[in-house]
Amino acid sequence: MKNLTPLTADIITNNLVPQRFGKRGMIWTGVLVAFCVVGAYAYFLQLKNGLGVTAMRDYVSWGIYISNFVFFVAISLVGSLITAVFRLANVKWSTPLTRIAEIIAVSAIVFASLIIVVDMGRPERLFNLFIYGRLQSPIMWDVIVITTYLFISLLLLFFPLLPDLKILIKRKELSVKSLGKFYSFLGSFWKGTRLQEKLNKRAVNILCVTIIPVAFCIHTVTSWLFATTYRPGWDSTNFGAYFISGAFLVGAGAVVVAMYIFRKAYTLERYITELHFDKMGRIVVLLALLYLYFNVNEYLIPAFKMKNSEEAHLTDLFAGTFAPLFWFAIFTGMLVPIFILLFKRGRRPLPAFIAGILVVVGAWFKRYLIVTPTLLHPFLPMTDVPENFKHYFPTWQEWAIALGSLAGALLIITFFARIFPIIPIQETINEQHETVAK
Amino acid sequence: MKNNDTSRRDFLAAALLAGVAAGCSSNNPFAPGDNAIKASGEMVKLLSVDGEVIEVDKAFLKPIPDMPTVTNSEERIGIAGKKFVMVIDLARCKNVGACKAACNHAHHLNPGQNWIKIHAMEEAEHTAPYWEPTTCMHCDEPPCVKVCPVDATFKREDGIVLIDSNRCIGCRFCMAACPYSTRVFNWNEPVLEKEIAEKPYSCETSMPQKIGTVSKCDFCPDMARKGELPHCVSACPNGVFFFGDMNEDSVTNGAETFRFSELVKDKAGYRLMEDLGTKPRVYYLPPVNRNFPFESGLEKDTTEKK
């Protein structure tokens, strides 16, 4: 350990309270807002002219909106992994990462819900789901579990925030006036009494226990949107586990990326340490191996049999038009990150950050490969349709909306970090006391 | 609601009058304008709504262009006592495309949309190629109905699977679920004549098509209510399509009528993708003893080549 002044409660608070955007922060936010505005304009065009502005047609009836939705649902699972699984397993080192994971989960699940509305042909009829909803439909299951997950995630973000809100309310000089009012609105009831702390602790424990099955549900049900159909590439009993393992992987990768960026942007080297990158690096390797295992099951077992219906789909992935993208996703999403992170030197912040980016980028394209190629290989040959129905490449509107939604999710995280401490202050102080006491 | 009531009353009256003279059933059957018409002296016996037999001069009868629409809840139940079924004889098909053209015309489908598709099929190398027209299979275990989150696509008691475009949210799960790729989506605002576009939507006519919703072959239940055959059946010059009622055990292509059970038994009828368990209501007769060589239909082939 370097010889640094010991971390007192005051220093911790000063280090961790939210800071104003610097020049970089302003540029970053500006770029994200620009993406969102372009995306919103593209959606306006889609609302005006219909889904015809997309490249989706009767055969490829689901495109990057749906793969983006799957990506968002996947990444949001990390909230339950880092917060709930680690908390219940009494893993102490994950404390500084819990809030990062939880805000990623919340923003991702919010945009998952939005992007699925974007994909609807008649978004104004959304209320039909509540008037005429059929519980037999997997879409209804998704509506139910995603809403539940959103609320549990919000509470799991909010409850541990209460002690920090008390600190923020006290230190008025740190924040602008309007923010102070906002803090009071959210957390003035919190006095930090013993009873309150006891209740809060219990509530968080209950939430941690409940969020794990709900998290499994959201992604299993999302996988069932595909697995409940007959189509080659989707008709798989492996799908639930395959999706969940992939979700934990991309979520963990996203946390590594976020850790690195927050650490750099807010100079948090003493809180998010090299130890965290080392541990998270190991976890990513484990999860990537797990996902690889399910990929082997998902692709090589059907390929061994080469059933007639599967053959065209699989050969298109392995050696056909989708082959470059397929192997790109396998290598960047799994193999290369495993290779980087297996080595101790690869688990230092910068290489781990790069591995994290590879995981996330690979995962996005992987979701695309799960959704679209299958639709290009229907059971009956594609007949009596215009030529452009037999291919799919997203239009600029689809790209703009997809990128806009990704930017929107990042924007939520960015604003959250501006308003609230991204690393729990009170918990860090408590743990510091414990270590000193030891 | 008021509109529905009147249309229902009209419908009942029309049904009683065998669809010929709805206007004659009330106490005062002749509207003032009718005075201009001269009685021909030839009388026709009709049954009134009250069950009385009345006599009306033939000159006062007015043809009704279309049956009044049935209510949405009636459309969801179907035609009582019927179990519609279709038989497609592959030995007779040479990819003329008249079925498709008639269907597209009757349902005012936009360019690029086809509810009927005619595939050039060849099961394997060294096996015979043949033309296979596909409609909606109106499955008894419809995968599309199973996944619909809002009951917009539904299975009726008469076996027909229909779509309520006023309820469809456009999620396209049914399109992914259908193994026969039968469903068509309105990606853009359908281009329709004003007269069609302004009609209220009916699940039985599937018209007018609406943007952002799914459509597909509907077995023309509006024609069945009129006692007529679906457009594809009557348009086919080679009598490929047979339509009928399983309860009556008869199917017809207009010119020939068969016992459904015997036809399927004698000609070894089968259904598509039986292994999926969807239980289609469309039966195929294998392409043996063909009326035309396969090559005669190649000119119009649009099937994707592998």
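**Close-up 1. The lining of the largest cavity, by residue class.** In this predicted model, the lining of the largest cavity is made up of eleven nonpolar, two polar and two charged residues. That lining comprises 15 residues, and those lying nearest the centre of the cavity are B:C148, B:A152, B:C168, B:C171 and B:C174. The space inside the largest cavity comes to about 110 Å³. If you would like to look further, the structure holds eight cavities of 30 Å³ or more.

**Close-up 2. The second largest pocket and the helices around it.** Here we turn to a pocket, the second largest, with about 1,200 Å³ of space. Its lining draws on 38 residues, and A:W28, A:V257, A:A258, A:I261 and A:L410 are the ones nearest the centre. Two or more lining residues come from each of these elements of chain A: α2 (23–49), α3 (64–76), α5 (95–118), α11 (239–265), α15 (349–375) and α16 (396–419). Of the elements, α16(A) gives the most to this lining, with nine residues. Sorted by class, the lining of the second largest pocket has 29 nonpolar, five polar and four charged residues.

**Close-up 3. A:T229 and its surroundings.** You will find A:T229 in the loop between α10 (194–227) and α11 of chain A. With a relative accessibility of 3%, A:T229 is under the 20% limit and therefore counts as buried. A polar atom of the A:T229 side chain lies 2.8 Å from the backbone oxygen of A:F226. Setting aside neighbours within four places in sequence, A:T229 is in contact with A:W234 and A:D235 in chain A, and with B:F173, B:A176 and B:A177 in chain B.

**Close-up 4. An aromatic cluster with residues from chains A and B.** One aromatic cluster is formed by A:W62, A:F226, A:W234, A:F239, A:Y242, A:F243, A:Y291 and B:F173. Three of its members are familiar from the view of A:T229: A:W234 and B:F173 are in contact with that residue, and A:F226 supplies the backbone oxygen 2.8 Å from a polar atom of its side chain.

**Close-up 5. Aromatic pairs at A:F326.** Over all chains, the whole structure has 43 aromatic pairs. One of the pairs is A:Y299 with A:F326, an edge-to-face arrangement with 5.0 Å from centre to centre and 85° between the planes. This pair links distant parts of the chain, 27 residues apart: A:Y299 belongs to helix α12 (residues 274–305) of chain A and A:F326 to helix α14 (residues 323–342) of chain A. A:Y299 and A:F326 are both buried. The ring of A:F326 also pairs with that of A:F318; their centres are 5.5 Å apart and their planes meet at 55°, so this pair is tilted. As for A:F326 itself, its relative accessible area is 2%, so the residue counts as buried.

Notes
Residues numbered from 1 in each chain as written. Chains lettered and ligands numbered in written order. Predicted model: local features only at pLDDT ≥ 70, side-chain atom pairs only at ≥ 80, totals over all residues. Heavy atoms only, no water. 1 Å grid on protein atoms, 1.4 Å probe; cavity = no way out; pocket = protein on both sides within 12 Å on 5 of 7 lines; lining within 4 Å. Points joined across faces, edges and corners; volume = space filled by probe spheres on them. Nonpolar A, V, L, I, M, F, W, Y, C, P; charged D, E, K, R; others polar. Helix = DSSP H or I, 4+ residues; strand = E, 2+ residues; numbered from the N terminus. Buried < 20%, exposed > 50% of the residue type's maximum accessible area, 1.4 Å probe, protein only. Polar contact = N/O pair within 3.5 Å; in protein donor to acceptor, adjacent residues only side chain to side chain. Contact = heavy atoms within 4.5 Å. Phe/Tyr/Trp six-rings, centres within 6.5 Å; stacked < 30°, edge-to-face > 60°.
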